[in-house]
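This report looks at charged side-chain pairs and at how much of each partner is left accessible.

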Amino acid sequence: MEKIGVFCSATPGLPAAYMVAAQQFGQWLGEQGKTLVYGGSSRGLMGAVGKACHLAGGRLYGMVPAILEERGWVEPELDVTFPCEGLTDRKDLMMLESQVFVALPGGIGTLDEVFTVLGHTSIGLSEKKVVLLNLDGFFDTLLAFLRELNEKNFIRQPLSAYLCVANSVDELCKLIENE
């Protein structure tokens with residue numbers, strides 16, 4: 001996998017452990033010569049993963065909604081900028097450009113992106129997987145809910161067909177290497 005899509009928070013002031021994990025993953029991406037496909041923000045976890053990837057020699061593909069440009073929140077080191085109007089076309093562009101997706105901790109936007117990919121994959125529009133970085137149990141509640149949906153037959157195929165979970169950055173990197 002050469003193009004790795006990353007969903008995560010662009011909110012500043014997040015816990016240090018999440019920032020460190022984003023930097024470590026970004027550094028690994030760069031050292032492996034990968035292309036980071038992401039939202040292109042210079043803030044929060046998104047900024048941390050992007051900056052670390054760039055500094056370690058990786059490429060940055062930024063899917064940049066107009067509102068990020070207006071607010072001045074765009075990562076200046078993007079190798080390729082994909083302008084978009086909003087979040088829907090941003091997700092469409094990320095789906096086209098990425099081979100696999102990683103979700104670092106994030107909020108509503110991150111969950112929207114994760115569920116868009118899972119939805120596409122669950123009905124056969126895509127074969128792309130999502131890997132959740134469940135750092136410090138961040139996604140535990142979500143995973144419990146998904147298991148319940150699976151147990152009640154609301155999910156057509158086993159979650160493992162399109163969703164993986166890593167509990168550390170090292171585990172995340174190994175999963176990406178094996179995809």
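## Terms and model

A residue is called buried when its relative accessible area is under 20%, exposed when that area is over 50%, and partly exposed in between. The model is predicted, and a search of the whole structure finds five salt bridges, three of which are described here, namely E2 with K34, E75 with K51 and D112 with K91.

## D112 and K91

With a relative accessible area of 12%, K91 is buried because that value falls under the 20% limit. K91 forms a salt bridge with D112, the closest N and O atoms being 2.8 Å apart. The pair links distant parts of the chain, since D112 belongs to helix α5 (residues 108–122) and K91 to helix α4 (residues 87–97), 21 residues apart. D112, at a relative accessible area of 32%, is partly exposed.

## E2 and K34

E2 and K34 form a salt bridge in which the closest N and O atoms are 3.8 Å apart. E2 lies in the segment before β1 (3–7), whereas K34 lies in the loop between α1 (16–31) and β2 (35–38), so the pair ties together parts that are 32 residues apart in sequence. E2 counts as partly exposed at 44% relative accessibility, while K34 counts as buried at 11%.

## E75 and K51

The side chains of E75 and K51 meet in a salt bridge, at 3.2 Å from N to O. Because E75 lies in the loop between α3 (66–71) and β4 (80–84) and K51 in helix α2 (residues 44–55), the pair ties together parts that are 24 residues apart in sequence. Here E75 counts as buried, at 4% relative accessibility, and K51 is partly exposed, with a relative accessible area of 37%.

Note on methods. Residues numbered from 1 in each chain as written. Predicted model: local features only at pLDDT ≥ 70, side-chain atom pairs only at ≥ 80, totals over all residues. Heavy atoms only, no water. Salt bridge = Lys/Arg side-chain N within 4 Å of Asp/Glu carboxyl O. Helix = DSSP H or I, 4+ residues; strand = E, 2+ residues; numbered from the N terminus. Buried < 20%, exposed > 50% of the residue type's maximum accessible area, 1.4 Å probe, protein only.
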